[in-house]
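Work through the following exercises with the structure open beside you, and try each task before reading its solution.

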Amino acid sequence: MKTVRTRVAIIGAGPAGLMLAHLLSKADIESVVIDRRSRDEIETTIRAGILEQGTVELLESSGASTRVRTESTRHNGIELRFAGNGHRIDFDALVGRGVFLYPQHEVLKDLIAVRLAGGHDLRFGVTAERIEDAETARPRVITTESDGTQVAIEADFVVGADGSHSVSRAAVTGSHTGGYFREYPFAWFGVLCEAPPSAEELIYSNSPNGFALISQRSETIQRMYFQCDPETDAQAYTEEQLWEELQSRVPGTTLHEGPIFQRDVLRFRSFVSHELLRGRVALIGDAAHTVPPTGAKGMNLAIADVVLLDQALRALLLDDDTRLLDAFSEKALRRIWKAQHFSWWMTSMLHVAPGASEFDRRRQLGELRSVVESESGRRYLAEAYTGWPLESLT
Ligand code: DHB
């Protein structure tokens with residue numbers, strides 16, 4: 001088997017893996033990033049679109065993206081809609097912060113471009129089979145290239161940033177699934193359509209027919225979601241039926257309709273890995289935790305993990321100091337569980353659970369009123385949505 005040697009082997013060229021590689025390269029720590037997908041697949045897969053202010057500041061200040069400030073749209077609030085009325089949560093007035101609409105695949109294009117422009121090692125179409133010797137100073141990733149060749153990547157440290165179906169997780173937790181999780185009895189039906197925006201800001205709508213989210217992409221392309229059964233076949237609806245579903249869930253707004261050119265069903269669950277670190281292998285991003293999409297925490301949480309692991313790896317690899325690595329899991333998990341709570345809370349507050357009783361329904365409206373009618377309630381939502389400050393390990 002061919003062997004490649006590097007300092008940090010990173011499995012997964014998503015936001016977590018690529019951002020970590022970028023920050024390490026700024027400290028002259030060499031890494032190899034692999035992903036089983038092609039560059040084109042990574043750059044064209046549609047994911048969420050909301051970046052916390054701290055994420056944007058880091059992308060910009062680290063030189064990862066020059067476009068994120070100029071090509072994103074700042075949102076200073078969202079609307080919660082229920083019982084026939086819209087209630088604006090004014091982020092700017094409440095916490096002096098905002099969020100930015102800039103789709104995840106645009107972040108990925110920026111990170112891939114900066115990695116390749118710097119001449120750094122990034123390999124597409126390479127599958128990680130397993131991690132060996134996690135608890136030694138020479139962990140290795142056994143990989144298969146697209147032509148079937150097996151290559152071992154030997155490193156001082158291995159990072160699993162390989163998403164919710166992580167292969168790396170087994171080396172850290174002892175199993176592919178080892179973690180705390182909960183499932184939800186619904187999914188999101190997502191559409192992309194060619195139409196002007198239906199609202200200036202995002203609308204999160206709780207309606208008797210179920211949840212809907214009216215989001216945007218640009219002046220001409222819109223992203224919208226509605227709650228559906230997880231078994232729904234995305235092709236089962238006509239365009240007319242999709243518009244009917246969406247319209248019925250945002251009473252009070254007439255959506256601007258247009259051709260729907262992409263549709264997908266997103267199943268979701270909450271998951272936190274039992275362990276984030278074993279020996280010289282760490283998990284970050286969706287490999288470490290998955291959140292339901294309501295509240296758009298997924299990618300932002302991945303970036304917060306990266307900020308901490310970057311510091312720990314600099315101390316380990318440049319100064320032979322393991323103290324920050326020892327503190328990594330505990331510190332990362334504090335934010336992870338706060339974000340888990342927020343995502344679960346937004347999800348449970350806004351969706352209609354199948355079989356919900358009249359009591360459940362009225363209690364939910366009481367909960368929504370408790371939030372929008374209280375400045376403290378609105379401020380908690382604004383703080384969590386725009387993102388808690390990115391912390392450091394020191
Ligand atoms: C989007 C996705 C989310 O999960 C969310 O909470 C807000 C916006 C989006 O894709 O635009």
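**Exercise 1.** Determine how the residues of the shell around the ligand divide into nonpolar, polar and charged ones.

*Solution.* In this predicted model, begin with the shell itself, in which 14 residues surround the ligand, the closest being Tyr204, Ser215, Arg217, Tyr225 and Pro293. Sorting the shell by residue type then gives nine nonpolar, three polar and two charged residues.

**Exercise 2.** Find which side-chain and backbone atoms of the protein make polar contacts with oxygen atoms of the ligand, taking 3.5 Å as the cut-off for a pair of N or O atoms.

*Solution.* Start with the side chains: an N or O atom of arginine 217 is 2.8 Å from a ligand oxygen, and for tyrosine 225 the corresponding distance is 2.5 Å. Turn next to the backbone, where an N or O atom of proline 293 lies 2.6 Å from an oxygen atom of the ligand. As a last step, consider the surface of the ligand, which exposes 290 Å² when taken alone, and of which the protein buries 99%.

**Exercise 3.** Locate the parts of the protein that supply the shell around the ligand.

*Solution.* By domain, at least three residues come from domain 1 (2-49 + 103-178 + 274-349), and at least three from domain 2 (181-269). By element, β15 (202-207), β16 (210-216) and β17 (221-228) each give two or more residues to the shell.

**Exercise 4.** Decide how compact the protein is for its length.

*Solution.* First note that the protein contains 12 helices and 21 strands. Its radius of gyration is 21 Å, close to the 21 Å that the globule rule gives for 394 residues, so the protein is as compact as a globular protein of that length. Finally, buried residues make up 58% of the 394 residues.

Notes
Residues numbered from 1 in each chain as written. Predicted model: local features only at pLDDT ≥ 70, side-chain atom pairs only at ≥ 80, totals over all residues. Heavy atoms only, no water. Near = heavy atom within 4 Å. Polar contact = N/O pair within 3.5 Å; in protein donor to acceptor, adjacent residues only side chain to side chain. Areas by Shrake-Rupley, 256 points an atom, 1.4 Å probe, with all protein chains shown as cover. Helix = DSSP H or I, 4+ residues; strand = E, 2+ residues; numbered from the N terminus. Nonpolar A, V, L, I, M, F, W, Y, C, P; charged D, E, K, R; others polar. Domains from an automatic or database assignment. Rg over C-alpha atoms; globule rule 2.2 N^0.38 Å. Buried < 20%, exposed > 50% of the residue type's maximum accessible area, 1.4 Å probe, protein only.
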